[in-house]
Each structure stands twice: as structure tokens, then as C-alpha cells.
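Here is a quick tour of how two parts of one protein meet. Have a look at the model first, then read on.

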Amino acid sequence: PLDAPRRPIRELPDELVSQIAAGEVVERPASVVRELVDNALDAGADQITVRLVAGGIRAIVVEDDGCGIPPEELPLALKRHATSKIGSLAELEGVTTMGFRGEALAAIASVSETAIVSRPVDAPQARRLDARSGELQPAARGQGTSIEVRELFFSTPARRKFLKSEATELSHAVEAVRRHALARPDVGFAIWHEGKLVEQWRRATHEQRMADVLGADFVDQSRPVDFQAGPMRILGRAGLPEAARNRSDHQYVYVNGRYVRDKLIQHALRSAYEDVLHGQRQPAYVLFIDIEPTRVDVNVHPTKIEVRFRESGEVYSTVRRAVERTLALPAGAALPAAPL
Ligand code: ADP
Ligand code: MG
């Protein structure tokens, strides 16, 4: 017999729903940084500054010079499932922005002390919204948005306990920005930790940005990839086998500008390098896979780190061929466009 009496079904309060959702999206300071930089990029920012205190555990502030948020929409920005990025299923299927779920800010605000300071184009003044009190006040800043996230997981000590040292959290947060910076050389990035400049990447060409972020060695010891097949184009650089490393830390794959960790693509890359690499050596690569948005589903995982391809077999063989052919070329030769 059941010993626990059944409790009636109840709707959970909004705050609790957001805290539950936050479990999927917000694992550590780096996840917050990632979401806030996504938003800054979606807002069309040219310059993004990330400021951290205690590895991001005490404070994360992301400032941009993007389009801003009108004061009357500030409370909506924090509401779950509220977004300016899509409005229909058709738009979801062709989505080109980093965000679209309208969940990140609500989730972050439910597990931290969050405030938004924003000044849209042509607005005479900035406004600051404190998420917890709901208070809206005049504030000072130029065009754009600052999101301030303090005391992450202060209300959920169980989660806070999973955080690592400040140094480790800082390095994850820097890595989150590095992933964005590789994909967006047209945007300037700066990262500050407790008043010290940790990284600065000025606007540059793609190749210069890779050198700035991964080191000049990476560019010297890799070949440019430029491969087109049907609805797919693959750009970037593939590291030479001689330059393979013991660590897999220089492996970056993007699908339509979004950093992904995709099993299918990783497998395709492993097989492309299989015959030329020895033992556990790890190739370095930065690959940008561009594919018609309707052929890829990015709405598979709340953090969008996984994707699903409509024609996964084609994607697999195209990625593999792109890298195999690049590696097989005599040094200095250009890769001809593949037949469709
Ligand atoms: P999503 O990015 O999926 O839309 P978020 O919760 O991350 O959801 O953000 C909610 C909304 O707040 C966005 O759709 C956008 O309109 C607005 N917003 C958030 N950050 C910024 C920013 N830095 N600049 C301008 N608007 C922003
Ligand atoms: Mg977002």
C-alpha cells in the first residue's frame, strides 16, 4: 500500500519554475557570461566588456554598446518565455540570432541578484531595473546595455557548493568569451577581473583574431579551410598533424556562428585526422560550418550546445572531406570548390 498520501496537483510559482529552468542553463559563472555575451551580440554590439569579481561568483557585469532596451520593456526582459527575437514557429525554424527561448535572463535572475541598466538609441537617459525589488530608476550610461549579476546561487547553496575555485571559474568564464571572440572578429572584447585587464581582443580580421586568441603558432601551423558542398560551407583553419597537441583545448566548431559540441562533427573530424595522427594526439582546429538555418535544429538543448542536422550523413561526409582535402593539399595550394 502507498504510505505517502497523494498531494494535489498544483502549479508551481513562477520564481520556482525559473529556478528549476536555471538548473539547465546556469551551471556556473561561465554559463552566465555566455548567455549575456549572446545577448550583447544579438543586440548588435561592436564592443563587449566583461567584468568579473571572484571568478564571477561575486559579480559578473557585461556591458555592450548595442541597441538597448526601452524602459517599458525592461520588466519583460526578465520574464520567462519573453523574447524580442522570434514570434512564430516559422521564425523559430529560420532563427539566426543566438537567443530565442526568452529564458536566460529569467533563469539568471532567479539564482542571483540581477540588475539591468539600459539606454536605447535616442533615449535621453538610461534606466536601471533591479530584478528583485522591481524598482526602476534613472541611471547614467551611454547607448547600450549593462547586465549585472551578483552573488550567483546565493539562494541555492546546494548549487553554489558545486562551484570550483575562483581561478577555475575565471578560466571557464574567459573560455566562454574566447568562444565568442573566435566567431566574431568584427566585435571587440575585453575581460576584466577585479580591476585588472585579463584579455583584450580588438576588432580584427578572422585570421588575426585567431592569432590573437589562440596564438600566432596556431595560424602558422594550420591550413585555411574553405569548402563548399550543396547548402553547406565550411570555413576556418585545420591544424597540421605535426602540430597536434596533448590537449583538446584548441578545438572549436561553430554551426551558423554558434559554438557547438556535436558528436557527429567530432566523429567526422576524428576520422579526417585518423590516418595522419598518432596515439592520443589532438588536432587543433577552428571550423565554421554554415548551413541553411532550416536544415539544422538548434532547439535541442537549453544551452544550444547540441544541434540536430536534417541531413546528418551529408554533414558528416562534408566535414570529413573538407578537412581531409585541406590536409592532403601541398603546402600553399588553394582548395578548389567541391562539385555539388
Ligand atoms: P532571448 O535571448 O532568448 O530572447 P533572454 O532572456 O536572454 O532571452 O533575453 C530576453 C530579452 O531581453 C531579449 O529577447 C532581448 O530583447 C532583451 N535583451 C537581453 N539582453 C539584451 C542586451 N544586452 N541588449 C538588448 N536587449 C537585450
Ligand atoms: Mg539570450
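## Polar contacts, no salt bridges

Let's start right at the join: twelve residue pairs, both partners at pLDDT 80 or more, are in polar contact across the interface of domain 1 and domain 2. A polar contact here is a pair of N or O atoms within 3.5 Å; within protein, one must be able to donate a hydrogen and the other to accept it, and residues adjacent in sequence count only if both atoms are side-chain atoms. Salt bridges (a side-chain nitrogen of Lys or Arg within 4 Å of a carboxyl oxygen of Asp or Glu) come out at zero across this interface.

This is a predicted model, where local features need pLDDT of at least 70, side-chain atom pairs count only at pLDDT 80 or more, and totals for chains, interfaces and linings use all residues. Residues are numbered from 1 along each chain as its sequence is written, chains are lettered from A and ligands numbered from 1 in the order in which they are written, and side-chain values use heavy atoms, leaving out hydrogens and water.

## The two domains

Domain 1 covers 14–201 and domain 2 covers 206–328, with bounds from an automatic or database domain assignment. Their C-alpha centres sit 27 Å apart. Domain 1 brings 25 residues to the contact and domain 2 brings 22, counting heavy atoms within 4.5 Å.

## What gets covered

About 2,100 Å² is buried between the domains, 58% of it from carbon and sulfur atoms. That is the accessible area (1.4 Å probe) lost on putting the two parts together, summed over both. On the domain 1 side, Arg101, Arg179 and Leu182 lose the most area to domain 2, together 31% of what that side buries.
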